[in-house]
Amino acid sequence: MAVVSSPKTPDITLYTGQTPNGIKISITLEELGIPYRTHAIDITKDTQKEPWFLEINPNGRIPALTDTFTDGRTIRLFESGSIMQYLVEQYDTEHKISYPKGSRESYEVNNWLFFLNAGVGPMQGQANHFFRYAPEKVPYGISRYQNETRRLYRVLDKHLQDAGTEYLVGDKCTVADIAHWGWITAAGWSGVDIDEFPVLKGWDERMLGRPGVEKGRHVPSPHRMKEILKDKEAMDRTARQASEWIVKGQKEDAQK
């Protein structure tokens, strides 16, 4: 008689903060409907650079995750794309936010997941830095990264329009959509106007209407980007506070 293995029981701890990359994972977990513990990491105090955390992610960045693997030992996961792929492979047996492995659609999901990890995230992150955090304004840097972010947004906008689907791959929300959302919904923070991309803006609003996105975006603290972008004083205050610890961290890293 064949032995049927039982579904893997989650033993997940998510180490995260309120950033576009951090909320990717909490949204993924909420969309999957699996239990997890949250360990909030205060990146303004360099908690992510403490020795205990570097044992989980030697790169000293959030998010990171631990779980009990199939061999009964703890497994560590870092880099948001890697974490998302792990969660899908281990827990998305019903393909709630994925497609069957090896299918045409699954490879298309990977296309857009890597598009985000290699393009939108890094480019928009640099746009954020030069536009909001840099201690001195560098017009070339601002222009370079804002324009590249806009170009990538145009790719997404055109893809959604041409495909005629609700999400990046068909009419199912997948990890590709989840990976992008935290960045796209914060377009204004990098100085990019989402209204220039009407199809992408509709996708952003559609994503925000999902219960899993709504719950996951507030982990480990309230997601207030939409509100901040409507308040110039709040934008200036948030940027000033972030700039202080970012510049401080850069100096410390340069001295090591």
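**Note on the sheet and its helices**

1. Strand 1 (residues 13-16) and strand 2 run parallel and are joined by four bridges. One pairing can be named: L14 has T38 of strand 2 as its bridge partner. The model is a predicted one.

2. Now the whole sheet. It is open and has four strands, in the order 2-1-3-4. The pairing is mixed. Strand 2 (37-40) and strand 4 (74-78) are the edge strands, and each pairs on one side only. From one strand to the next, the twist averages 20°.

3. Two helices deserve a look against this sheet. Helix 1 (residues 20-32) lies across strand 1 and strand 3 (64-68). Its direction is at about 155° to strand 1. Helix 3 (residues 80-91) also packs on the sheet, where it touches strand 3 and strand 4. The direction of helix 3 makes about 135° with that of strand 4.

4. How do helix 1 and helix 6 cross? The axes of helix 1 and helix 6 (residues 175-184) come within 8 Å and cross at roughly 140°. Helix 1 is therefore oblique to helix 6. The crossing of these two helices is right-handed.

5. The residues of that contact are as follows. Helix 1 contributes P20, N21, I23, K24, I27, T28 and E31. Helix 6 contributes V175, I178, A179, W181, G182 and W183. By class, the contact of helix 1 with helix 6 has eight nonpolar, three polar and two charged residues.

Terms used:
Residues numbered from 1 in each chain as written. Predicted model: local features only at pLDDT ≥ 70, side-chain atom pairs only at ≥ 80, totals over all residues. Heavy atoms only, no water. Pairing = 2+ DSSP bridges. Axes fitted to C-alpha atoms, helices over the stretch in contact; angles between N-to-C directions. Contact = heavy atoms within 4.5 Å. Parallel < 35°, antiparallel > 145°, perpendicular 65-115°, else oblique. Left-handed = near helix turned anticlockwise from the far one by under 90°. Nonpolar A, V, L, I, M, F, W, Y, C, P; charged D, E, K, R; others polar.
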